[in-house]
Amino acid sequence: MAATAEQASPWLKGRSFTSLREEFDRSGYLIFERVLAPDRVAEIREALAPHLARDLLGRNDFEGTRTNRVYALLAKSPVFAELAIHPLAMAFVEAELGESCLLSAMLAINLHPGETVQPWHFDDGAAKIPRPRPALGISTFWAIDDTTEQNGATEIIPGSHLWDGQYIEGALQPAHFTNTADHDEGNRADAIKLIMPSGSLAITKGTLWHRGGANRSDRPRLIVTPQYCVGWVRQLENMALAVPAEVASQLPERARELIGYSIHPPFMGYVDGVHPRRLLRPH
């Protein structure tokens with residue numbers, strides 16, 4: 001079922017969905033504070049705890065060598081499916097990307113003290129289509145911990161979703177994935193941090209330049225980031241393998257559609273000539 005502005009209205013604080021979309025088009029991002037109740041945040045922490053306890057650290061400058069990343073969240077707990085299809089996020093995602101959009105990636109990111117800034121990047125950059133162009137993706141950031149000036153809140157450049165293909169200092173390079181790039185922080189006067197209390201949601205366009213911040217505090221900073229793409233772009237995470245069919249069959253219908261048990265009109269995504277949902281056992 002498609003998300004609607006009416007379903008999002010409890011979190012819009014009296015503003016119209018239209019006015020917020022206009023702001024989104026101008027700035028490239030939105031913040032909604034305290035969307036999740038504390039008990040829901042606690043459920044998310046509990047679901048992530050055994051995976052974070054493994055303390056697997058990133059392999060390169062992009063993932064963060066002092067950062068835990070937990071991938072394939074829809075295979076790990078039903079609580080993450082509810083987050084992926086939250087009506088506030090989905091209202092903006094579907095308005096931007098269409099109802100045939102897909103979940104491109106969904107992961108938790110836990111920055112430990114001492115983590116440095118990421119390279120600047122934009123999340124739909126894998127689609128090699130010249131800029132300026134419409135966003136082909138939407139990224140959402142759920143603050144599980146408070147995100148602060150000191151603990152690595154995501155940094156963004158407002159309005160940069162409208163830029164052309166210009167290079168910026170400190171931008172992502174292939175060498176960042178092999179730890180052979182110089183660490184150029186690329187600090188900018190026009191950047192701001194997505195400072196939010198726990199339970200809040202930030203939404204950004206896939207063309208918005210951003211980066212994970214440096215954690216200069218004495219505690220980790222935990223977020224969950226579902227990222228979405230138009231239905232005809234390849235997902236970052238191979239959801240068909242990340243989420244086994246027996247797990248997918250138990251997900252809410254909209255979550256199943258988002259991971260690929262759906263069709264982008266007229267027939268992109270079929271399996272042996274039929275709709276992919278026919279391969280799953282009844283819910």
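A charge sits over a ring if NZ of Lys or CZ of Arg is within 6 Å of the ring centre and within 35 degrees of the ring normal. Keep that handy while you work through this predicted model.

**Exercise 1.** Find which ring has the charged end of Lys-205 over it, then do the same for Arg-131.

*Solution.* Start with Lys-205: its charged end is 4.9 Å from the centre of the Phe-24 ring and sits over that ring. Now take Arg-131, whose charged end lies over Phe-122, 4.4 Å from the ring centre. Back at Phe-24, ring pairs join this residue with Phe-17, Phe-32 and Phe-92 in a cluster.

**Exercise 2.** Classify the Phe-62 and Phe-177 ring pair, and say where the two residues lie.

*Solution.* The whole structure holds six aromatic pairs. For Phe-62 and Phe-177, the ring centres are 5.4 Å apart and the planes meet at 45°, so this pair is tilted. Next, location: Phe-62 is in the loop between H3 and E2, while Phe-177 is in the loop between E5 and E6, so the pair ties together parts 115 residues apart in sequence. Finally, accessibility: buried means under 20%, so Phe-62 at 18% counts as buried, while Phe-177 at 41% is partly exposed.

**Exercise 3.** Work out what the buried residues of H3 pack against.

*Solution.* First, pick out helix H3, residues 38–52. Its buried residues are Val-41, Ile-44, Ala-47, Leu-48 and Leu-52. Then look at their partners: strands E2, E3 and E9, plus helix H4. As for length, H3 spans 20 Å from first C-alpha to last, close to the expected 21 Å.

Key
Residues are numbered from 1 along each chain as its sequence is written. This is a predicted model: local features need pLDDT of at least 70, side-chain atom pairs count only at pLDDT 80 or more; totals for chains, interfaces and linings use all residues. Side-chain values use heavy atoms; hydrogens and water are left out. Helices (H or I, at least four residues) and strands (E, at least two) are DSSP runs, numbered from the N terminus. The expected span of a helix is 1.5 Å times one less than its number of residues. Buried means under 20% relative accessible area, exposed over 50%, partly exposed in between (1.4 Å probe, protein chains only). Contact means heavy atoms within 4.5 Å. Rings of Phe, Tyr and Trp (its six-membered ring) pair if their centres lie within 6.5 Å; planes under 30 degrees apart count as stacked, over 60 as edge-to-face and the rest as tilted.
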